[in-house]
Amino acid sequence: MEVFEGTVRLVGDPDALPAVLLVDGDRLRVSARQQQIGNWQLSDVTANLEPDGCHVVVEGEELVVSVPELMEFVAAIGPHAANPGNGSLRELGRQKVEKTEPARPAMRKADRIGLPSATRAGAGMVLVAIGLAIWAPLVLVGLILLAALASLLLGGFALMDPYLAVRIPDPVTPSLLFRVGVGGVVVAIVLAVVL
């Protein structure tokens, strides 16, 4: 359930009413001055973004909604597959993403050679691992074993507890964590024998 506070007015009417808009599941409820103005199903609502606010068309009436959290309101009410509007809500999302891209800082030498930051970080970790394998193999085995056991425990708990599983960042899954943990333990054992 999402609650938005702002103003609502009819198109062509200069007077706006302070209103509370509640998006709950698949319904939009609008109240002004402690009286309910409307309670509509989102599939019956068409929303278009205009310069003066979000125009919501429902039951033949067009309301102009102005809220401080316009992007959150737009995301809460649509567009939906059954009711896409005129596409202005999708365009707003694209414009917002384009506008919020940070300015690029001055390029460093590593950026000029075209290596992404993840590749540089991975190369750095490989160099540290090689250095540890040469000078302190027990520390390397201990670090790999510690990371593998942590991954194994987190993956195992997440497999059993769905509330923990949904809190894991998106590309990582509980089964992936479990498999990485098992693989890490095997690698640590092999390195302990070899080194």
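**Exercise 1. Glu-72**

Using its relative accessible area, decide whether Glu-72 is buried, partly exposed or exposed.

*Solution.* Step 1: Glu-72 has a relative accessible area of 42%. Step 2: compare this value with the classes (buried is under 20%, exposed is over 50%, partly exposed is in between, with a 1.4 Å probe and protein chains only). Glu-72 is therefore partly exposed. Step 3: place the residue; Glu-72 belongs to helix α1, residues 70-77. Here helices (H or I, at least four residues) and strands (E, at least two) are DSSP runs numbered from the N terminus. Step 4: look for partners elsewhere in the sequence. Setting aside residues up to four places away, Glu-72 touches Glu-2 and Phe-4, where contact means heavy atoms within 4.5 Å. From Glu-72 to Glu-2 the C-alpha distance is 9.0 Å, although 70 residues separate them in sequence.

The structure is a predicted model, in which local features need pLDDT of at least 70 and side-chain atom pairs count only at pLDDT 80 or more, while totals for chains, interfaces and linings use all residues. Residues are numbered from 1 along each chain as its sequence is written, and side-chain values use heavy atoms, leaving out hydrogens and water.

**Exercise 2. The whole chain**

How many helices and strands does the protein chain contain, and in which pattern do they follow along the sequence?

*Solution.* Step 1: the count gives 7 helices and 7 strands. Step 2: reading along the sequence, the pattern is β-β-β-β-β-β-β-α-α-α-α-α-α-α. Step 3: turn to burial; the protein chain has 195 residues, and 26% of them count as buried. Step 4: take the contacts with a separation of 6 or more; 37% of them join residues 24 or more positions apart. Step 5: the accessible surface (Shrake-Rupley method, 1.4 Å probe) is about 13200 Å² for the protein chain, and carbon and sulfur atoms hold 63% of it.

**Exercise 3. Gly-53 and Glu-59**

Classify Gly-53 and Glu-59 by relative accessibility, and find where each one is placed.

*Solution.* Step 1: Gly-53 is in strand β6, which covers residues 53-58. Step 2: Gly-53 counts as buried because its relative accessibility is 8%. Step 3: beyond four places in sequence, Gly-53 is in contact with Asn-48, Val-64, Val-65 and Ser-66. Between Gly-53 and Leu-63, 10 residues apart in sequence, the C-alpha distance is 9.5 Å. Step 4: Glu-59 sits in the loop that joins β6 to β7 (61-66). With 67% relative accessibility, Glu-59 counts as exposed. Step 5: check the backbone; Glu-59 is not a glycine, yet its phi is positive, about 50°.

**Exercise 4. Helices α4 and α5**

How are α4 and α5 oriented to each other, and which residues of α4 meet which residues of α5?

*Solution.* Step 1: helix α4 is residues 117-135, and its axis is 5 Å from that of α5, at an angle of about 130°. Axes are lines fitted to C-alpha atoms, for helices over the stretch in contact, and angles run from 0 to 180 degrees between N-to-C directions. Step 2: name the orientation (under 35 degrees roughly parallel, over 145 roughly antiparallel, 65 to 115 roughly perpendicular, the rest oblique). So α4 and α5 are oblique. Step 3: from α4 come Ala-129, Leu-132, Ala-133 and Trp-135, and they meet Pro-137, Val-139, Leu-140 and Leu-143 of α5. Step 4: sorted by class, this contact has 8 nonpolar, no polar and no charged residues. Nonpolar covers Ala, Val, Leu, Ile, Met, Phe, Trp, Tyr, Cys and Pro; charged covers Asp, Glu, Lys and Arg; the others, Gly among them, are polar.

**Exercise 5. Helices α5 and α7**

Repeat the analysis for α5 and α7, then describe Leu-177 and Val-186.

*Solution.* Step 1: the axes of α5 (residues 137-160) and α7 (residues 174-194) come within 7 Å and cross at roughly 155°. This angle makes α5 roughly antiparallel to α7. Step 2: the contact of α5 with α7 consists of 20 nonpolar, 6 polar and no charged residues. Step 3: Leu-177 is in α7 and is buried, since its relative accessible area is 15%. Apart from neighbours within four places, Leu-177 contacts Ser-151, Leu-152, Leu-154, Gly-155, Ile-168 and Val-172. The C-alpha atoms of Leu-177 and Gly-155, 22 residues apart, are separated by 4.7 Å. Step 4: Val-186 is also in α7, and its 47% relative accessible area makes it partly exposed. Val-186 and Leu-145 are 41 residues apart along the chain, with 8.8 Å between their C-alpha atoms.
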